[in-house]
Amino acid sequence: VIGKGMTPPQKMLFPSEKICMNWRQKRRPGAGLYNLGSTCYLNVILQCLTYTPPLANYLLSRQHSRFCCQQGFCMMCIMEDHIRKVLYSSATAIRPRAVIRDLKFIGEFKPDIPGDAYEFLRCTLNAMHTACLSGSSGLDNSSEETTIIHQIFGGCLRSRVTCLSCKAVSDFYKVFLDVLLKIKGASSLITALDDFVTPKQLDGRKSFKCSKCKKKVAASKVVTVHHAPRVLTVCLGRADDQTSRKLSQVVAYPEFLDLRPYMSDPAGEPLLYSLYAVVVHAGQTCLGGHFFCFTKASNGLWYKMNDVSVESCDIHTVLEQQAYLLFYAR
């Protein structure tokens, strides 16, 4: 087996044993967030990240800002300040002003133009990861992937390609912070995950150059989760590739998920995850509409967060949504 993309890090930026997956303090849910134009897409991501226990634990401890020497924009400092405000505020809602002010540094977003929650999540995690690398230069790729962001959200996919002529096997590894699943024809998260790990044929335009046969060949490719993240973020791809129309079907998702069947080693112990946040997109098209979310607070109860409004709800309501993003923690 030829493997590409798996070299151990030379330096650990954040040791994984310092990550605390359970809430250090239990409290009632925090404040809602004002919609400052067309900013519901950003509000839902800020709320889901606020209720991600290992991230909140770390940011509330102020370990980042105490040692941060970043001049100007720092996404970690912004998030630390934001999470403290939301969870400690006596107000029912707050304005995420610092995030709006620095939107242009996070990605191609403007407060008065509707944005996509998934895109904002990816850009925010990327900006936080970059902030964690500030002051570290000359690191190899594997060492860069040991920031607290990668230690919480990061996993690794393996693509195993088998040449159908000579049966040579090549493995390719790719780090991820989220998994995008195709849902066309899928009735549940489980069927979408089953499809994700089903072998795909590579031929025609997608044929594979075999290093043994020294030419382009038909091959079979299987993608599996090689290293499971502590927090698994799944996007149910609701934009139809062909038509760009929104796929509005119901995709059932469980409160508890066993990732083991989708691992490179599917025979080990169960790998159990628990749902803690859901982002929902309401609307007929992908470009318009409205985002709201459900999060599980540190008191163990679920809340519907819709901009300024924070209302308690039960798990049955949470599991009946037209979900767009799912957040699971180990």
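## A tour from the whole chain to helices 1, 2 and 7

Buried residues make up 50% of the 330 residues in the protein, and since this is a predicted model, everything you select on this tour is a feature of that prediction. Begin with the whole chain on display, where you can look through 11 helices and 17 strands. If you turn the view along the principal axes, the C-alpha atoms fill a box of roughly 65 × 45 × 40 Å. A compact globule of 330 residues would have a radius of gyration near 20 Å, and because the protein has 21 Å, the two values agree. While the whole chain is still in view, consider the contacts between residues at least 6 apart in sequence: 69% of these join residues at least 24 apart.

Next, select residues 40–50, which form helix 1. Is this helix enclosed or open to the outside? Here 11 of the 11 residues are buried, so helix 1 is largely enclosed by the rest of the structure. Colour the side chains as you go along the helix, and you will find among the buried residues Cys 40, Asn 43, Leu 46, Gln 47, Cys 48 and Thr 50.

Keep helix 1 on display and add residues 117–133, which are helix 7. The axes of the two helices come within 8 Å and cross at roughly 50°, and helix 1 and helix 7 are therefore oblique to each other. As you rotate the pair, note that helix 1 passes helix 7 in a right-handed crossing. Which residues make the contact? From helix 1 they are Tyr 41, Leu 42, Val 44, Ile 45 and Leu 49, while helix 7 brings Ala 117, Phe 120, Leu 121, Thr 124 and Leu 125. Sorted by character, the residues of this contact comprise nine nonpolar, one polar and no charged.

Now move along the chain to residues 53–60, which are helix 2, a helix that is mostly covered, with eight of its eight residues buried. Select them one after another, and you will pass Pro 53, Pro 54, Leu 55, Ala 56, Asn 57, Tyr 58, Leu 59 and Leu 60. To see what surrounds helix 2, show its partners as well: its buried residues pack against helix 1, helix 3 (63–67), helix 4 (75–88), helix 7, helix 9 (148–153) and strand 11 (231–237). Helix 1 and helix 7, the pair from the previous stop, are thus among the elements that helix 2 packs against.

For the last stop, select Arg 62, just after helix 2, and inspect its backbone, where phi is positive at about 60°.

Methods
Residues are numbered from 1 along each chain as its sequence is written. This is a predicted model: local features need pLDDT of at least 70, side-chain atom pairs count only at pLDDT 80 or more; totals for chains, interfaces and linings use all residues. Side-chain values use heavy atoms; hydrogens and water are left out. Axes are lines fitted to C-alpha atoms, for helices over the stretch in contact, and angles run from 0 to 180 degrees between N-to-C directions. Helices (H or I, at least four residues) and strands (E, at least two) are DSSP runs, numbered from the N terminus. Angles under 35 degrees count as roughly parallel, over 145 as roughly antiparallel, 65 to 115 as roughly perpendicular and the rest as oblique. A crossing is left-handed if the near helix is turned anticlockwise from the far one by less than a right angle, and right-handed if clockwise. Contact means heavy atoms within 4.5 Å. Ala, Val, Leu, Ile, Met, Phe, Trp, Tyr, Cys and Pro count as nonpolar, Asp, Glu, Lys and Arg as charged, and the others, Gly among them, as polar. The radius of gyration is taken over C-alpha atoms; the globule rule is 2.2 Å times the number of residues to the power 0.38. Buried means under 20% relative accessible area, exposed over 50%, partly exposed in between (1.4 Å probe, protein chains only).
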